[in-house]
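Trainee: Could you take me slowly through one part of this model, the place where the helices pack against one another? I would like to see which residues make the contacts and how the helices are oriented.

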Amino acid sequence: MAALHSRVTRIWRSAAPWALGSLGIALLTLVAFRLRASAAGVALLYMLAILLISLRASLAASVVASVVAALALDSFFTPPLFRISISDSIDFVAAFAFVTTAVVVARLLGKLRKSEEQWRDVFENSPTMYFIVDPAGTVLSVNPFGAEQLGYTVDELVGQSVLRV
């Protein structure tokens, strides 16, 4: 039973970003269509949605949302309405812009996460005392080596004034 629950959880975690991204694009489409928004305005809204999805989801989910957005833009906001006929150059430009945005944001975010992991590794494992303090002198973070050298635990130092240490 636990193995089944684990498998279902794993499937849901991988499918949820795809579903939520597509649902977000669908809701945005419904609202924009009801408000009779212009294709250019909707394209900008889709671009913002794709940026947000790319920040929270995987590259694959971002690309799926981009394709859904391009198809929705073509079907609901450019003539002939209610038909997918990606034949006009603007349709290709929109699809290319959406997918490119998703890929670039996802790649940049991946690089940022890798850089953060490297910094965290240096901070946590360096045999040098590292403290991060705010302008008032309150310890926001300290590496384990620094806390140990002063005879404290990390939790004992965080939140204390650096002047009291």
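Mentor: In this predicted model, the residues of helix α2 that touch helix α3 are Ala39, Val42, Ala43, Tyr46, Ile50, Ile53 and Ser54, and on the α3 side they are met by Ala61, Ser62, Ala65, Ser66, Ala69, Ala72, Leu73 and Phe77. Sorted by class, this contact of α2 with α3 holds twelve nonpolar and three polar residues, and no charged ones. The axes of α2, which spans residues 39-56, and α3 come within 10 Å and cross at roughly 165°; since angles over 145 degrees count as roughly antiparallel, α2 is therefore roughly antiparallel to α3. The crossing of these two helices is right-handed.

Turn next to the partner that α3 meets in helix α4. Helix α3 covers residues 59-77 and helix α4 residues 89-125, and the two pack at an angle of about 160° with their axes 9 Å apart, so that α3 and α4 are also roughly antiparallel to each other. Their crossing is right-handed. From α3 the contact takes in Leu59, Ser62, Val63, Ser66, Val67, Ala69, Ala70, Leu73 and Asp74, while α4 contributes Asp91, Ala94, Ala95, Phe98, Val99, Ala102, Val103 and Ala106. By class, the contact of α3 with α4 has 13 nonpolar residues, along with two polar and two charged ones.

The remaining pairing to look at is that of α2 with α4, whose axes come within 9 Å and cross at roughly 25°. Because angles under 35 degrees count as roughly parallel, α2 is roughly parallel to α4. Here too α2 passes α4 in a right-handed crossing. On α2 the contact is made by Ala43, Tyr46, Met47, Ile50, Leu51, Ser54 and Leu55, and on α4 by Ala97, Phe98, Thr101, Ala102, Val105, Leu109 and Arg113. The residues of this contact of α2 with α4 divide into eleven nonpolar, two polar and one charged.

If you compare the lists, you will find Tyr46 of α2 in the contact with α3 and again in the contact with α4, and likewise Ser66 of α3 in the contacts with α2 and with α4.

As for how far to trust the picture, the mean pLDDT of the protein chain is 88, and 92% of its residues reach 70 or more. Confidence is lowest in helix α1, residues 2-34, at a mean of 78, and highest in strand β2, residues 139-142, at 95.

Notes: Residues numbered from 1 in each chain as written. Predicted model: local features only at pLDDT ≥ 70, side-chain atom pairs only at ≥ 80, totals over all residues. Heavy atoms only, no water. Axes fitted to C-alpha atoms, helices over the stretch in contact; angles between N-to-C directions. Helix = DSSP H or I, 4+ residues; strand = E, 2+ residues; numbered from the N terminus. Parallel < 35°, antiparallel > 145°, perpendicular 65-115°, else oblique. Left-handed = near helix turned anticlockwise from the far one by under 90°. Contact = heavy atoms within 4.5 Å. Nonpolar A, V, L, I, M, F, W, Y, C, P; charged D, E, K, R; others polar. pLDDT = per-residue confidence, 0-100.
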